[in-house]
Amino acid sequence: MIPIKYNYRSLMARKVGSLMTVLGVGMVVWASIFAFGLSAGLDKTLEIAADPLDVIVLRKGSTSEAVSAVTESAAREITALPGIETDKYGNPLAASELVVFAYLPRRGSTQPVNVSVRGVDPMSRNLREGLEIVEGRDFTPGVREAIVSSAMSQRFQRLGLGDKFKVEGGEFEVVGIFEAGGGAVESEVWTDQPVLAQLAKRTGAMSSLQLRAASQADQERLVNRIQNDEQIDLKATTEVNYYAEQAQQSSLIKVVGYMIAFFLTIGAMFAVANTMYGAIASRAREIGTLRALGFGRLSILTAFVLESLVLCLAGAVLGCLGALAITFFLGGIQTGTMNPGTFTEVAFSFDFGPRVLAQGAILAVVMGLVGGFLPALRAVRMKVVDALREV
Amino acid sequence: MKFLPMIFRNVFRNKIRSLFTAASIAVSLFLVVTLYSLITAQEESTDANSQANRVAVLHEAGLAGNLPISYVNRISRVPGVIHTIPMSWFGGNYREETTQFPQFATDAKELFNVYPELTIPADELEAWQNDKTGCVVGALIARNKGWKIGSKIPLQGNIYPANLELTVRGIYDGPPTMDRGWVLFHFDYFDESLKKLNYPNSGNAGLVMIRAESAAKMPEVMQAITAAFESSDAPVKPMTEKDFAASFMEMMGNVRGFIRMTSTAVVLALLCVAANTMAMSVRERTREIALLKAIGFNQSTILGMFLAESVTIGVLGGILGALGAKLLFYSVDLSSIDAGLGMFYIPWRTALWGLALAAVVGLLSGLIPAWRAAHVSVIEGLRKVV
């Protein structure tokens with residue numbers, strides 16, 4: 001085997017050329033990580049939103065809460081079913097919630113977009129243990145007050161602490177900012193359900209019923225029971241499925257992300273191949289000498305593929321560092337888009353986690369292997385006599 | 001000019017290298033042009049459509065709000081309004097498909113007056129107007145789903161609890177800037193289906209689309225409409241069709257920023273790799289350059305020759321990538337993949353802009369290597385063994 005030191009020294013011998021290639025590959029890896037990080041961040045937000053034991057009950061045929069309706073009588077009937085987790089006082093962990101839209105502009109924009117406003121039950125808190133007021137105070141029941149997630153508060157006009165916004169014709173005051181450890185709740189505004197229901201003229205039917213099953217088996221039984229009950233005539237899904245369905249709706253973002261990565265990788269492959277062709281052409285004599293010394297074809301092939309792999313991996317490291325620098329110096333990137341499943345804003349941050357970085361690195365490996373293979377093949381194919389004669 | 005053949009020969013001297021550089025530029029530009037077209041194609045079509053002076057009247061609370069259907073009549077009486085239709089997004093599921101295509105409940109009599117760009121054979125229009133459960137569909141979606149006159153389209157309500165059973169009575173067509181992927185049916189059929197189920201929100205339209213007499217009248221008309229419903233239960237917000245389209249783009253978030261950033265990274269990466277290959281070819285030809293200088297070529301000629309070479313490679317990549325993208329999306333029908341992509345195309349200005357970008361990448365990447373070539377010392381260059 002040709003020692004890897006040979007490759008390393010060869011790369012160092014042509015510093016500028018190697019550096020340019022590494023920079024190019026690094027850029028490509030960085031851009032791909034960005035594209036992956038966007039869709040991974042969105043998925044993650046919807047994923048953490050779900051508690052594995054939670055069940056969400058909607059009107060049959062509706063795929064999101066905003067277009068659903070669950071009558072109070074049906075909600076009462078379901079809440080009385082066995083298998084629902086209870087709190088320490090023995091009350092079932094189930095909450096009827098009302099979701100409506102506020103129409104608000106993002107900061108720095110004049111064009112309003114839909115924001116989910118959730119009217120919650122006192123029990124709703126127990127279904128989302130992570131929720132915590134970080135600034136201001138909780139809203140007072142019966143009054144037009146609201147609490148806003150810190151992500152939404154930063155992204156939207158009129159949602160800052162102390163601001164007033166309109167929903168369903170009523171004016172609400174933002175009295176508190178909450179955090180919930182990521183997840184879909186962080187894209188919402190919360191207020192008292194009876195107050196919101198009265199404004200929205202939605203008495204007698206809320207948007208959804210959320211409940212927590214006592215165990216996995218209970219969850220399955222509850223879902224089946226509700227699904228098959230003709231009287232109740234509602235649809236029950238696990239929260240995990242509900243959000244997975246929404247994540248699927250945003251597949252366009254994913255497709256665009258993969259398209260970006262795919263084309264960039266192909267483009268970079270050509271560039272890497274070029275660099276390697278150049279490296280091999282200028283080292284023809286060296287290769288001839290190596291062959292004359294008795295190094296086999298396979299070890300030369302390996303050496304050159306390895307060299308291109310080293311180039312690309314250096315690029316991958318650079319790209320990953322670039323992405324990590326964003327997390328490190330800027331504290332990540334907060335952004336938001338429309339959740340196509342609900343037509344409302346979903347706030348999320350780019351995910352530059354290990355999986356996304358690994359995806360970027362895999363691209364670099366592919367670039368290195370494919371881009372290096374053809375040139376390496378040429379190196380191997382050279383006749384020793386001719387190679388030694390090259391100037 | 002007389003150097004053109006020489007530059008050309010130099011471009012193709014190392015065929016693989018030039019080809020790979022051009023390919024690398026082509027693939028990357030294909031991407032950049034495609035991404036930018038997501039924005040420019042939409043801008044171009046809204047510009048074209050704004051000729052019709054349409055105004056969308058929405059509930060003050062946006063698309064989530066509903067307008068009583070009586071508003072259609074009241075709005076049509078506002079001076080300056082010549083045609084008015086309700087448009088209600090049904091959002092139903094077709095068969096087992098998970099993605100939805102645009103489905104609107106509207107007014108069959110006025111629809112083609114509000115959208116004069118759309119064309120439909122007179123007999124088909126009449127057949128639709130006379131069939132309460134009939135619908136007309138866009139030429140693109142009809143082709144993709146294999147719908148013909150008489151085809152049944154069952155739609156399962158998602159937003160609304162009702163299911164619709166539609167029959168295709170006509171197929172409309174229009175210019176590429178119009179969405180030819182709609183399914184349009186009678187508002188009355190839609191509303192009666194809701195009433196039968198005692199749905200609380202029946203008798204409402206999602207939005208009212210109007211056509212104003214002239215572009216000059218539009219601000220006046222919009223003001224009059226806003227004023228007419230100011231103190232009612234459902235105040236309205238009229239917006240020009242252009243703003244309405246822009247509001248959809250806005251919902252997607254900072255798409256523009258994301259595209260700009262990705263493209264910048266791509267162009268920078270391209271600069272690195274293209275400059276690298278140019279540097280390689282200059283290095284290989286050091287002796288030759290020295291020879292050229294020895295026989296009397298001056299610095300600026302050599303600089304120009306190398307720059308021309310790198311620009312040629314860049315432009316080659318640009319033609320392949322940018323114009324290739326134009327051609328590809330022209331001949332491939334994307335609406336079969338996703339209904340929303342049906343209107344996607346590469347506008348000429350974006351394709352040409354991509355071509356120019358390629359030339360600039362070629363020029364910039366050649367700058368340093370060409371400068372180095374121009375400053376090759378004759379004596380050392382002649383002596384150099386590469």
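Helix 2 (15–48) and helix 12 (residues 354–381) of chain A have axes that come within 9 Å and cross at roughly 140°. Here helices (H or I, at least four residues) and strands (E, at least two) are DSSP runs, numbered from the N terminus, and axes are lines fitted to C-alpha atoms over the stretch in contact, with angles from 0 to 180 degrees between N-to-C directions. This is a predicted model, where local features need pLDDT of at least 70, side-chain atom pairs count only at pLDDT 80 or more, and totals for chains, interfaces and linings use all residues. Residues are numbered from 1 along each chain as its sequence is written, with chains lettered from A and ligands numbered from 1 in the order in which they are written.

**The helix pair**
- Residues in contact (C-beta atoms, placed from the backbone, within 7 Å) include A:Phe36 and A:Ala40 in helix 2 of chain A, and A:Leu363 and A:Met367 in helix 12 of chain A.

**Meeting chain B**
- In chain A, 41 residues are in contact with 39 residues of chain B.
- Helix 9 (251–282) of chain A is among the contributing elements, as are helix 2 and strand 3 (94–105) of chain A.
- Helix 9 of chain A gives the largest share of that side, 13 residues.

**Chain A overall**
- Chain A holds 13 helices and 14 strands.
- Its radius of gyration (over C-alpha atoms) is 29 Å, well over the 21 Å from the globule rule (2.2 Å times the number of residues to the power 0.38) for 391 residues, so chain A is more spread out than a compact globule.
- The C-alpha trace of chain A spans about 90 × 45 × 35 Å along its principal axes.

Key:
Contact = placed C-beta atoms within 7 Å.
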